[in-house]
Amino acid sequence: LPSVPLPSSMHLIQVDSVQRWMEDLKLMTDCECMCILQSKPISIEKDEQNELILSSQYSTCDNLQLLLKRAWIISTELTRIAQKLEKNRWHRVHSMTVRVNCHVHSMINEYNTFTRSSSEEMHQLEKLLIDKCSEFTAFTERCLQTEDEEILKSMKSCVNETLTTVAQYFGQLIELVLTQEAQNLLRQVELSGSLYAMESAISSLFSLAQEGAHLCRIIAKEGGVVALFKICRQDCFRCLYPQTLRTLASICCVEEGVHQLEKVDGILCLADILTDTSHSEATHAEAAAVIAQITSPHLTFTQHLSSFLENMEEIVTALVKLCQEASSGEVFLLASAALANITFFDTMACEILLQLNAMKILLAACSDKRIVDTPYSRDQVVTILANMSVLDQCASEFIQGNGVQLLMEMLFEKSSSGNPAEAAACERVQQKSAVTLARLSRDPEVAEAAVKLSCIPRLIKLCRSPTERNNSDSVLVACLAALRSLAVMSPDGLEDSDFQQLVKPRLVDSFLLCTNMEESFV
């Protein structure tokens with residue numbers, strides 16, 4: 001993933017509040033100036049000249065960003081009006097309505113200065129919205145002229161209704177604007193006579209897709225996936241493949257994008273790109289990113305990609321090769337993320353990975369700090385190991401590759417930056433390494449190696465010390481499970497108090513004991 005209906009394209013990156021205010025200041029100031037001047041320009045010639053200069057400074061993408069920011073401000077104001085209306089703060093309701101009216105005029109004027117053409121439907125919606133905003137302002141002004149509670153009460157429902165209509169027209173206009181811009185960009189992609197113009201259009205399309213799921217749906221609905229795969233099937237556009245594939249990965253975060261990909265045999269195209277050794281590493285990496293996106297276990301609608309199963313073996317083979325030959329951490333991350341998702345997607349993938357000696361390759365990669373250089377990469381590797389560990393045959397390969405030592409290191413995974421996303425990745429690494437250990441400890445050799453490497457004391461520490469596991473309950477459960485598996489194979493490795501509290505009781509009782517444990521008790 002507001003109170004007032006608004007397209008979900010109003011997606012803004014979380015930034016510092018002062019920075020947000022600085023960015024929005026110009027828009028807000030313009031609005032206040034318009035309120036004071038009652039939207040009347042001081043000099044027509046001068047304004048036209050300024051508008052010309054402004055429009056020449058920004059690209060289509062920049063203009064869309066400006067439009068989206070203006071739209072975000074309007075949607076925020078509409079939500080606040082609804083809140084003030086609920087509290088009967090009529091003076092605030094009116095002043096905010098005037099401000100919204102000005103913002104709407106500014107947004108429409110700004111858009112019309114940079115758009116090449118507007119449809120009749122667009123003009124009609126603009127007129128409807130402007131008229132309804134004027135009506136809304138006049139309505140709230142009349143509310144200020146009476147103090148009769150009964151009259152205000154009767155007018156409130158009409159104001160609410162008008163507010164809802166304004167929000168509805170506003171949402172429809174934004175939807176239409178974004179659809180038109182997506183159509184324009186796709187037309188440029190398909191009809192462009194030069195590589196430069198096509199690259200520019202794809203870049204703008206990528207920026208548009210970054211604005212959120214709603215925009216990705218619009219692009220997919222307007223044929224974006226079809227147009228981009230058409231590029232990926234023409235050798236003359238090879239230099240554009242990485243950028244095109246990156247855009248496809250963004251669009252395919254939504255169901256409409258994946259359905260379009262399936263319709264145009266996108267999986268087969270991706271398999272061809274991945275297995276073609278003449279392509280650059282960057283192209284292979286971006287193709288892996290698309291695979292990672294469409295096989296994400298978080299997306300329920302990707303579980304029925306029938307064409308994926310048909311091409312899975314050659315895709316998995318190509319991804320393992322990409323992991324093995326990766327020249328950077330980013331390439332390895334994309335390839336390993338795709339493999340990790342595929343192991344969730346179909347159980348047969350683990351058997352293919354075992355045949356390809358993937359465990360040996362992944363364990364070797366982890367020893368190269370240039371390649372596996374972040375908790376995110378280690379998260380992908382340990383996900384693959386955890387899913388492969390259900391196979392009995394992988395234990396011997398795991399021992400040979402010094403896998404237990406790697407799991408022990410991963411149990412110490414800690415965020416160095418304090419970044420929430422990185423801290424969450426570290427938790428996943430700890431949890432999955434404990435899960436892998438629990439599963440593989442059924443093999444006596446693995447259990448013996450784990451005991452020798454002091455895995456038991458580390459697991460006990462993680463259970464008893466909340467800060468060691470970043471207060472994560474999922475890490476605690478996994479560590480208790482791993483501890484119990486090792487205790488079966490090596491009961492002498494635990495002190496009696498640890499056995500009585502962490503192994504002997506039901507897992508839920510040990511869990512409750514550890515979650516209520518104070519740090520000083522450890």
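Visitor: Which residue does the side chain of Asp-235 meet in a salt bridge?
Guide: This is a predicted model. In it, the bridge has an N to O distance of 3.4 Å. The cut-off is 4 Å, so the pair counts. The partner of Asp-235 is Arg-238.

Visitor: Is Asp-235 buried or exposed?
Guide: Its relative accessible area is 56%. The label exposed needs a value over 50%. Asp-235 is therefore exposed.

Visitor: And what is the relative accessible area of Arg-238?
Guide: Arg-238 is classed as partly exposed. That class lies between the 20% and 50% limits. The value for Arg-238 is 26%.

Visitor: Which helices hold Glu-286 and Arg-246?
Guide: The two side chains form a salt bridge, 3.1 Å from N to O. The pair links distant parts of the chain, 40 residues apart. Glu-286 sits in α13 (residues 281-294), and Arg-246 sits in α10 (residues 241-251).

Visitor: Is Glu-286 buried or exposed?
Guide: Its partner Arg-246 is partly exposed, at 34%. Glu-286 has a relative accessible area of 11%. Buried means under 20%, so Glu-286 is buried.

Visitor: Which residues are joined into one network by salt bridges that share partners?
Guide: The whole structure contains 18 salt bridges. Some of them share partners and so tie three residues together. The network is Glu-77, Arg-80 and Arg-99.

Visitor: How many residues apart are Lys-127 and Asp-131?
Guide: Their side chains meet in a salt bridge of 2.9 Å, N to O. Both lie in helix α5 (residues 120-144). An α-helix has 3.6 residues a turn, so residues three or four places apart point the same way. Lys-127 and Asp-131 are about one turn apart, that is, four residues.

Visitor: Is Lys-127 buried or exposed?
Guide: Asp-131 is partly exposed, at 39% relative accessibility. Lys-127 stands at 54%. The limit for exposed is over 50%, so Lys-127 counts as exposed.

Visitor: How far apart are the end C-alpha atoms of helix α7?
Guide: Helix α7 covers residues 195-209, which is 15 residues. At 1.5 Å a residue, the expected span is 21 Å. The model agrees with this, because its end C-alpha atoms are apart by 21 Å.

Visitor: What arc around the axis do the buried residues of α7 cover?
Guide: The buried residues are Met-198, Ala-201, Ile-202, Ser-204, Leu-205, Leu-208 and Ala-209. Their limited arc puts them on the same side of α7. The arc is only 160°.

Note on methods. Residues are numbered from 1 along each chain as its sequence is written. This is a predicted model: local features need pLDDT of at least 70, side-chain atom pairs count only at pLDDT 80 or more; totals for chains, interfaces and linings use all residues. Side-chain values use heavy atoms; hydrogens and water are left out. Helices (H or I, at least four residues) and strands (E, at least two) are DSSP runs, numbered from the N terminus. The expected span of a helix is 1.5 Å times one less than its number of residues. Buried means under 20% relative accessible area, exposed over 50%, partly exposed in between (1.4 Å probe, protein chains only). The arc is that of the directions from the helix axis to the C-beta atoms.
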